[in-house]
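Me: I am new to this structure and would like a close look at a single part of it. Please take the sheet, and show me what is packed around it.

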Amino acid sequence: MDLRHDIHEELIVLRERAPEITGALTCTIDGMLVTTDLAADTEQTAALTSALLSLSRKMTELARIGRLEETLISGTQGHTACYAAGPTLVLTVLAGQGANLGLLRIEGRRAAAKIAAIVERG
């Protein structure tokens, strides 16, 4: 079984379920790229994803609000959401302006859980 292939297939399914998604990336918690469909800046996005996950987990602990579910960044032209995909991977999803954030959150969490299961069985 090729984990990278299976994870990439999950990114394809994610994009089919939420067409507003403009790109997705998975990386290790230390910022090493696993798979992506982004056209540019993939290594830098992976590195920043790792840093964002670390900061988000720390903030969640300090705020005493439970286990981290997601980090959502909204800008004037779109959104970026990061999801822990098990203990070793992170899923980052990009969506355009006006995207249905409810759908993004549901599908992002679903995809992260499926990616975590792929890694666990692999």
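Reply: What follows describes the sheet, then the helices beside it, and then the cores.

This is a predicted model, in which local features need pLDDT of at least 70 and side-chain atom pairs count only at pLDDT 80 or more, while totals for chains, interfaces and linings use all residues. Residues are numbered from 1 along each chain as its sequence is written, and side-chain values use heavy atoms, with hydrogens and water left out.

The sheet is open and has 5 strands in the order 2-1-5-4-3, with antiparallel pairing. Strand 2 (33-36) and strand 3 (71-75) are its edge strands, each pairing on one side only. From one strand to the next, the twist averages 15°. Strands (E, at least two residues) and helices (H or I, at least four) are DSSP runs numbered from the N terminus, and two strands pair if DSSP finds at least two bridges between them. In general, the strands of a sheet pair through backbone hydrogen bonds, either parallel or antiparallel. Strand 1 (residues 21-28) pairs with strand 2 in the antiparallel sense over 3 bridges, and Thr 26 stands opposite Thr 35 in strand 2.

Helix 2 (residues 42-63) packs on this sheet, touching strand 1, strand 2, strand 3, strand 4 (78-85) and strand 5 (89-96), and its direction makes about 75° with that of strand 1. Contact here means heavy atoms within 4.5 Å; axes are lines fitted to C-alpha atoms, for helices over the stretch in contact, and angles run from 0 to 180 degrees between N-to-C directions.

One place where helix 2 and the sheet come together can be followed from strand 3, where Thr 71 is found. At 14% relative accessibility Thr 71 counts as buried, a word that means under 20% relative accessible area, with exposed over 50% and partly exposed in between (1.4 Å probe, protein chains only). The side chains of Thr 71 and Ser 56 are joined by a polar contact of 2.6 Å, that is, a pair of N or O atoms within 3.5 Å, where within protein one must be able to donate a hydrogen and the other to accept it, and residues adjacent in sequence count only if both atoms are side-chain atoms. Leaving out residues up to four places away in sequence, Thr 71 touches Leu 52, Ser 56, Thr 80, Ala 81 and Cys 82. Leu 48, by contrast, lies in helix 2 and is exposed, with a relative accessible area of 55%.

Helix 3 also meets the sheet, for its buried residues, among them Leu 104, Ala 111 and Ile 115, pack against helix 1 (3-17), strand 1, strand 3, strand 4 and strand 5.

The largest nonpolar core has 20 residues, and those with the most contacts inside it are Leu 14, Tyr 83, Leu 91, Val 93, Leu 104 and Ile 115. Such a core is a set of buried Ala, Val, Leu, Ile, Met, Phe, Trp, Tyr and Cys residues joined through side-chain atoms within 4.5 Å. Helix 1, strand 1, strand 4, strand 5 and helix 3 each supply at least two residues of this core, and helix 3 gives the most, with 5 residues. Leu 14 has contacts that include Ile 21, Ala 24, Leu 91 and Val 93. A second, separate core of 8 residues includes Cys 27, Leu 38, Leu 53 and Cys 82.
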